[in-house]
Amino acid sequence: MIPFESIAVFFAASLALAVAPGPDNIFVLTLSAMQGRAAGLFVTLGLCTGLLIHTAAVTLGVAAVFATSALAFNSLKVLGAAYLAYLAWQAFRAGASDTLERKYAEIPSRHLYARGVVMNVTNPKVAIFFLAFLPQFADPARGSLPLQLVLFGAIFIVAALIVFGSIAWFAGFLGERLARSRRAQVVLNRVAGTVFAALALRLVTSQR
């Protein structure tokens with residue numbers, strides 16, 4: 001049985017890590033401002049689904065491959081950077097939409113969800129982070145290690161949902177105000193494109 005104190009400390013640490021500026025919350029912030037809070041929430045669900053996959057990878061030991069294999073690490077990060085570069089290209093070529101409703105309709109919710117999954121899963125640094133972070137709180141004396149890792153992964157996902165969901169909500173509120181101005185929409189798209197391009201560059205140049 002994991003003590004409540006350990007769970008509380010892990011949850012507080014998870015909240016702090018989710019709030020700290022990083023690719024995932026910046027992605028949610030930018031997309032929510034550009035596409036609205038609903039879009040940001042779907043992306044958040046996708047990102048957290050990616051965290052489920054990373055939790056499973058740590059539990060099964062797959063994440064260790066990305067920590068030790070340069071080929072696996074570099075292949076995954078190139079895929080992730082290429083996807084972010086594609087999103088940047090889409091944002092740069094987008095103009096102002098006629099209405100906010102049309103803007104929401106441009107990207108189906110399942111595609112937004114898939115964006116979140118791809119964004120998270122193709123970042124090998126998340127896999128390595130989970131591999132380093134989750135086991136620190138697991139203790140063989142408390143029972144099954146895989147079960148503890150799954151539990152801590154679930155707690156981290158709850159923290160991420162709270163933080164990313166809040167970011168999506170408030171950024172979406174700001175985006176709705178900006179959507180009333182066609183010029184602001186164009187500027188927002190250009191800013192989004194720049195952010196996505198910067199995230200792609202950061203990912204492709206990252207080291208293990």
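# A guided reading of an all-helix chain

From the N terminus on, the elements of the protein chain run α-α-α-α-α-α-α-α-α-α. The structure shown above is a predicted model. A count of its elements gives 10 helices and 0 strands. Of the 208 residues in the chain, 44% count as buried.

A suitable place to begin is helix H2, which covers residues 23-35. H2 has 13 residues, and from its first C-alpha to its last it reaches 18 Å, close to the 18 Å expected at 1.5 Å a residue. Is this helix enclosed or exposed? Because 10 of its 13 residues are buried, H2 is largely enclosed by the rest of the structure. The buried residues of H2 are Asp 24, Asn 25, Phe 27, Val 28, Thr 30, Leu 31, Ser 32, Ala 33, Met 34 and Gln 35. An α-helix has 3.6 residues a turn, so residues three or four places apart point the same way. After H2 comes Gly 36, which has a positive phi near 110 degrees.

Two residues of H2 show where this helix stands in relation to another part of the chain. Val 28 lies in helix H2, and its relative accessible area is 0%, which means that Val 28 is buried, since the cut-off is under 20%. The C-alpha atom of Val 28 is separated by 8.7 Å from that of Gly 116, although the two residues are 88 residues apart along the chain. Leu 31 also belongs to helix H2, and with a relative accessible area of 0% it is buried. Leu 31 and Leu 112 are 81 residues apart in sequence, while their C-alpha atoms are 9.5 Å apart in space.

The partners Leu 112 and Gly 116 are both among the buried residues of H7. Helix H7 spans residues 109-121. This helix has 13 residues and reaches 18 Å from its first C-alpha to its last, close to the 18 Å expected at 1.5 Å a residue. Along with Leu 112 and Gly 116, the residues Arg 115, Val 117, Met 119 and Asn 120 are buried in H7. His 111 is likewise placed in helix H7. With 40% relative accessibility, His 111 counts as partly exposed, because that class lies between 20% and 50%. The C-alpha atom of His 111 is 9.5 Å from that of Gly 46, a residue 65 positions away in sequence.

Gly 46 falls within the range of helix H3, residues 37-60. H3 has 24 residues and reaches 35 Å from its first C-alpha to its last, close to the 34 Å expected at 1.5 Å a residue. Just after H3, Gly 61 takes a positive phi of about 90 degrees. Arg 37, whose number opens the range of H3, has its charged end over the ring of Trp 169, 4.1 Å from the centre of that ring.

Aromatic rings offer another view of the structure. How many aromatic pairs does a search of the whole structure find? The search finds 11 aromatic pairs. One of them joins Phe 10 and Phe 137: the ring centres are 4.8 Å apart and the planes stand at 80 degrees, so the pair is edge-to-face. This pair links distant parts of the chain, with Phe 10 in helix H1 (residues 4-19) and Phe 137 in the loop between helix H8 (124-133) and helix H9 (145-178), 127 residues apart. Phe 10 is buried at 0% relative accessibility, and Phe 137 is buried with a relative accessible area of 18%. Both residues belong to a cluster linked by ring pairs, whose other members are Phe 129, Phe 130, Phe 133, Phe 152 and Phe 156.

The last feature is the largest pocket, which has a volume of about 610 Å³. Of the 29 residues that line this pocket, the closest to its centre are Gly 22, Pro 23, Asp 24, Asn 123 and Val 126. The elements that give two or more residues to the lining are H1, H2, helix H5 (70-93), H7, H8, H9 and helix H10 (182-204). Which element gives the most to the lining? H8 does, with 5 residues. By class, the lining has 18 nonpolar, 7 polar and 4 charged residues.

Conventions:
Residues are numbered from 1 along each chain as its sequence is written. This is a predicted model: local features need pLDDT of at least 70, side-chain atom pairs count only at pLDDT 80 or more; totals for chains, interfaces and linings use all residues. Side-chain values use heavy atoms; hydrogens and water are left out. Helices (H or I, at least four residues) and strands (E, at least two) are DSSP runs, numbered from the N terminus. The expected span of a helix is 1.5 Å times one less than its number of residues. Rings of Phe, Tyr and Trp (its six-membered ring) pair if their centres lie within 6.5 Å; planes under 30 degrees apart count as stacked, over 60 as edge-to-face and the rest as tilted. Buried means under 20% relative accessible area, exposed over 50%, partly exposed in between (1.4 Å probe, protein chains only). A charge sits over a ring if NZ of Lys or CZ of Arg is within 6 Å of the ring centre and within 35 degrees of the ring normal. On a 1 Å grid over the protein atoms alone, a cavity is a set of points where a 1.4 Å probe fits but cannot get out, and a pocket is an open set with protein on both sides within 12 Å along at least five of seven lines; lining residues have an atom within 4 Å of a point. Grid points are joined across faces, edges and corners, and a volume is the space filled by probe spheres set on the points. Ala, Val, Leu, Ile, Met, Phe, Trp, Tyr, Cys and Pro count as nonpolar, Asp, Glu, Lys and Arg as charged, and the others, Gly among them, as polar.
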